Amino acid sequence: MPGLGMRRGSGSRMPAPAAVRPCRHGCRRVLPVPEAGRAAGLRRRAPASAGHHPVGRPAARGRPDGAGPAADRVVRGADRLSAGPGGNRSDMSSDLFSKGTRQRPRLLRAVENGPGRLPLAAPLDALGRLRLLDPAVGPLRAAVRKLPLSSPARDVLHGRWLGHPLHPALVQLPMGAWMSAGLLDLLPGTRRAARVLVGVGVLTALPAAATGATDWARLHQPQLRTGLVHGLATSAALGLYTASLVARLRGRECKGRLLGFGGLTAAGAGAMIGGHLAYRQAAGANKAQPVPCLVGPGWHRVGKVDAFPVGQSASASLGEVELLVHREHSGAVRVLANRCSHESGPLSEGTVADGCVTCPWHGSTFRLSDGWNVGGPATAPQPGFETRVGDDGVLEVRLRQS
């Protein structure tokens, strides 16, 4: 029977049917049926002995080659092999690609997987829980708060006039100068330019450190711990670059370059910790920013106006937003978002004087009439609400559009 590799009436064998199978390189090569059958999981038959043997059922009608069921099974097995486990040829190529991916170098696979698996977040988070830093945090914070600076001067350092902290903007100057100096140190004939850039970085690092220390002294304890490590790293960078500048001025260029690269490494580590402090621990971010997203448009009922004491601050709730409600003796009702924009302090527990409320946590002062921040360390105003009292004596509020 031709389909089984035997010619009817003779003991000679015919060429076995061929099956197409892609190799691991993506090309396609021809395999004989027995090999394809073994790859498909079929058992190989023992060689036929001399004489006549039954050949099974007759060939199916409409098959010009007269192939039998056994050959069909072999060919179908070869087709399944070439098509892959799911019956699709693209699945086979994808499996081969995946196998090739697993055989790639470990460094290349780490780059392809991305930095999400790098163990950096856990050590940085651990800085905020490092209680060993508390003995140094307390005296340093007290020393910064006792500096002879007026309130306007502190507001300038906080960046209240800018609308956000000033420190992140000032650190671009020394970091940019030092990174440029490090690049010039790798090029010939740039000693003078690198020396100038190192000096510019040292000078501009001083006001950046002053603004950072002022902001740091008005943070929570976990942020204070992380900020202390950030300050130590940047202080080390400043010291190394100062020594590098001195060495360069004395003509010791090689030593100056080595100290500069050490300072750049410390500055990079400090910048990474500072980014963690700002974005992971939200130091300096506007904590009241989500309020407009949580309060819908239009008027909202808060409660009976008589339920709020006159001349005192009280708290109320508007959905997920806490409100500060201050009912004045004149009958006017002032409503602000209760959580301070600086570090989420409860304004309803603060003091009210001269039409302003002072946060009990860090001393930020906001005007009750419109929520404007008249005193730092808060750099963003407080969301305010328009008020009205209905005929049924219920206080209604509407978010004031800025």
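This report describes the fold, cores, strand pairing and some local features of one predicted model.

Residues are numbered from 1 along each chain as its sequence is written, and side-chain values use heavy atoms, with hydrogens and water left out. Since the model is predicted, local features need pLDDT of at least 70 and side-chain atom pairs count only at pLDDT 80 or more, while totals for chains, interfaces and linings use all residues.

**Overall make-up**

The chain has 13 helices and 12 strands; these are DSSP runs numbered from the N terminus, helices being H or I of at least four residues and strands E of at least two. Of its 402 residues, 36% count as buried. Buried means under 20% relative accessible area, exposed means over 50%, and partly exposed lies in between, with a 1.4 Å probe and protein chains only. Among contacts (heavy atoms within 4.5 Å) between residues at least 6 apart in sequence, 54% join residues at least 24 apart.

**Nonpolar cores**

A nonpolar core is a set of buried Ala, Val, Leu, Ile, Met, Phe, Trp, Tyr and Cys residues joined through side-chain atoms within 4.5 Å. The largest one has 18 residues, of which L323, V325, V335, F385, L395 and V397 touch the most other members. At least two residues of this core come from each of β4 (313-318), β5 (321-327), β6 (333-337) and β12 (394-399). Another core, of 14 residues, lies apart from it and includes L133, V137, L224 and V229. Leaving out residues up to four places away in sequence, V325 touches F308, Q312, S313, A314, A316, V333, R334, V335 and L395.

**Strand pairing**

Two strands pair if DSSP finds at least two bridges between them. β6 and β11 (residues 384-389) pair in the antiparallel sense over two bridges, and V335 has F385 as its bridge partner in β11. β11 and β12 also run antiparallel, joined by five bridges; here the partner of F385 in β12 is L399. These two strands form a hairpin with four residues between them, and G393 in the turn has a positive phi of about 80°.

A further four strands form an open antiparallel sheet in the order β7-β8-β9-β10. Its edge strands, β7 (351-353) and β10 (373-375), each pair on one side only. Within this sheet, β9 (residues 365-367) and β10 pair over two bridges, with T365 opposite G375.

**Aromatic rings**

The structure holds one aromatic pair. Rings of Phe, Tyr and Trp (its six-membered ring) pair if their centres lie within 6.5 Å; planes under 30 degrees apart count as stacked, over 60 as edge-to-face and the rest as tilted. The ring centres of W178 and Y241 are 4.3 Å apart and the planes are at 10°, so this pair is stacked. W178 lies in helix α9 (residues 172-184) and Y241 in helix α11 (residues 221-249), so the pair ties together parts that are 63 residues apart in sequence. Both W178 and Y241 are buried.

**Backbone features in loops**

A cis peptide bond joins G376 and P377, with omega of about 15°; P377 is in the loop between β10 and β11. Two residues with positive phi that are not glycines are listed below.

| Residue | Phi | Loop | Relative accessible area |
|---|---|---|---|
| A282 | about 60° | between α12 (253-280) and α13 (291-294) | 24%, partly exposed |
| S344 | about 65° | between β6 and β7 | 27%, partly exposed |
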